[in-house]
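The exercises below are meant to be worked with the sequence and the coordinates open side by side. Try each task before reading the solution that follows it.

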Amino acid sequence: MKKKIGKNFLWGASTSAYQVEGGWNADGKGPSVQDANAGGFIAELNFDGITDFKVAADHYHHYKEDVALMAEMGFKSYRFSINWTRIFPTGMDKKPNEKGIDFYNKLIDELIKYNIEPLVTIHHFDLPQGLEDLGGWNNKELILDSYTKFCEVLFKEFGDRVKYWQTINEQNMVILFGHILKRQKTGVDEGTKMYQIFHNMNVAQALAIQLLRKMCPNAKIGPAPNISYVYPKTSKPNDVLAADTANLIRNWIYIDILAKGTYDQILLNFWSDNGYDIKITQEDMDLLKSVKIDFIAFNYYSTMTVEAPTSDKEYIVGDQQMGFNLENMFQSATNEHLEKTEYGWEIDPIGFRMTCRALKTRYDLPIIITENGLGAKDVLTSDGKIHDDYRIEYLRQHIKQIPDIINDGVDLFGYNPWSAIDLVSTHQGISKRYGFIYVNRDEKDLKDLKRYRKDSFYWYQKVISTNGEN
Ligand code: BGP
């Protein structure tokens, strides 16, 4: 008999603190790399001229209204992150900021009032600037101490109500952006630094898992990478080999280490071939071997297509869904079978199923979708409507895959697209919108920040009430 979507499936949506909250210096909050940079999720890359995050969607002051709208859509879950500098303004403070804790207590209580399961991301791109100034993720001792203290406060304060935790959002994008894409822009290869950060993040995540087991033995924890299954451009063996390598470097190494406690030999070869000298101790590896994640949360927007490298190809300077090249290993290619969003991201619902299958085969762990969605320039009509049929179409095509994914034997337990409400895009401002709820502001003008229900709001409400029919 065909397997069906279970009645406890976590239908919801997702946001991140710095992109949605605003209140950048409210109630003792300190500056994060995002405030310091005013745009762009890797501080050093500095994307200029877009909306900063000071006010964002002002969810900090509108959270009750926003949660009520989520409840009206019928959300069973809401994935959000905790702004590190609300809790520890410099990242190194002796005591946590009570007012910051208070905000998340109120938010979580509000969600629970409506039976919405909080899915909490511990860290989503907003490192305290205080830590960044001292080397950030590259300062191993400091970051391990600060990240675990942060986790300890979260588990202690919210662990009685939060069952699902995600350690770090899109660790792979942070590393790939900081390494490959930065090198494409500046010509400087910081491979050693970025892969040291990768390792330090892995140790930090392992410590978080260990701590959670001790403090909240019934809670569950997993990473939240951005996974795009990689296709070969042709069936030429060299293209297939290139795709296998790209899958590993872009996707799997970020989960392998937390699910199996190992670094793949191909990764180790890549480091040594390039002279990247990563400091890894036996103690680190013992720790990594001793922990295991409960589930994989992942963000899916598209697949990636690659071919074997040729010497005459230029690097592609893209963003998190555009391809990238690694010399001698693979180079990205356009998939001519796929349509694109107005921002150039390929649309691939079948690839969504393929990605879920690949994760099942490699890890056989429960999975949950923590992002998926379409960024577009929505228009608010004079009668207060937003006709976002393009977004409905994108989401419909992906949701249509869910019964097949479940029937494939994948333990998919929730779908939380990006984003619950309009928020500021990582580097393209507020005009690139993703939400079911429209927020009335533009790049520079805050207008009235009033909330409007988009057409997709009513459509998603129906999807949830019918457990996935659309
Ligand atoms: C993911 C990030 C999110 C989010 C989303 C959409 O990579 O986890 O924070 O913003 O992509 O991307 P963008 O905002 O660049 O359009």
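**Exercise 1.** Is Ile-197 buried or exposed, judged by the other C-beta atoms within 10 Å?

Solution. The model is a predicted one, and the count is taken from its coordinates. A residue is called buried if 20 or more other C-beta atoms lie within 10 Å of its own. Ile-197 has 24 such atoms, and it is therefore buried. The next step is to place the residue in the fold: Ile-197 belongs to helix H9, which covers residues 191-215. Once residues up to four places away in sequence are set aside, Ile-197 touches Trp-137, Asn-138 and Ile-175. For Trp-137, which is 60 residues away along the chain, the C-alpha to C-alpha separation from Ile-197 is 5.4 Å.

**Exercise 2.** Establish how confident the predictor is, and then describe the overall dimensions of the chain.

Solution. Begin with confidence: the mean pLDDT of the chain is 94, and 95% of the residues reach 70 or more. For the complex, the predictor gives an ipTM of 0.98 together with a pTM of 0.96. A caution applies to any model of this kind, since predicted coordinates should not be read in detail where pLDDT is low.

Turn next to size. A compact globule of 470 residues would have a radius of gyration near 23 Å, and because the chain has 21 Å, the two agree. Along the principal axes, the C-alpha atoms of the chain fill a box of roughly 55 × 55 × 50 Å. The chain contains 16 helices and 15 strands, and 50% of its 470 residues count as buried. Finally, consider contacts between residues at least 6 apart in sequence: 76% of these join residues at least 24 apart.

**Exercise 3.** Which residue does UniProt list for "active site", and what surrounds that residue in the model?

Solution. The UniProt record, an unreviewed entry, lists Glu-371 for this feature. In the model, Glu-371 sits in strand E12, residues 367-371. It has 23 C-beta neighbours inside 10 Å and so counts as buried. Leaving out neighbours within four places in sequence, the contacts of Glu-371 are Ser-14, Asn-299, Pro-417 and Trp-418.

One of these contacts, Trp-418, leads to a backbone feature, for Trp-418 is joined to Ser-419 by a cis peptide bond with omega about 5°. Ser-419 lies in the loop between strand E13 (412-415) and strand E14 (437-439).

**Exercise 4.** Characterise the shell of residues around the ligand, and follow two of its members, Glu-170 and Gln-320, into the fold.

Solution. The ligand is surrounded by 17 residues, of which the closest are Glu-170, Gln-320, Gly-375, Ser-425 and Thr-426. By class, the shell divides into two nonpolar, eleven polar and four charged residues.

For Glu-170, start with location: the residue lies in the loop between strand E4 (164-169) and helix H8 (171-186). With 26 C-beta neighbours inside 10 Å, Glu-170 counts as buried. Its phi is near 45°, a positive value in a residue other than glycine.

For Gln-320, look at its distance from Leu-181: the two are 139 residues apart in sequence, yet 9.6 Å apart in space, C-alpha to C-alpha. Leu-181 lies in helix H8, and with 21 C-beta neighbours inside 10 Å it counts as buried.

**Exercise 5.** Compare the surroundings of Leu-449, Glu-141 and Asn-269, using the C-beta counts within 10 Å.

Solution. Leu-449 has 16 other C-beta atoms within 10 Å and is therefore partly exposed. It is found in the loop between E14 and strand E15 (451-453), and its phi is positive, about 55°, although the residue is not a glycine. Most residues other than glycine have a negative phi.

Glu-141, in helix H7 (residues 140-158), has 9 other C-beta atoms within 10 Å and is thus exposed. Its C-alpha atom is 9.1 Å from that of Asn-200, a residue 59 places away in sequence.

Asn-269, in helix H11 (residues 265-274), has 10 other C-beta atoms within 10 Å, so this residue is exposed. Asn-269 and Met-1 are separated by 268 residues in sequence and by 46 Å in space, C-alpha to C-alpha.

Key: Residues numbered from 1 in each chain as written. Predicted model: local features only at pLDDT ≥ 70, side-chain atom pairs only at ≥ 80, totals over all residues. pLDDT = per-residue confidence, 0-100. Near = placed C-beta within 6 Å. Nonpolar A, V, L, I, M, F, W, Y, C, P; charged D, E, K, R; others polar. Helix = DSSP H or I, 4+ residues; strand = E, 2+ residues; numbered from the N terminus. Rg over C-alpha atoms; globule rule 2.2 N^0.38 Å. Buried ≥ 20, exposed ≤ 12 C-beta atoms within 10 Å, placed from the backbone. Contact = placed C-beta atoms within 7 Å. UniProt positions renumbered as here; feature names shortened; annotations may be inferred.
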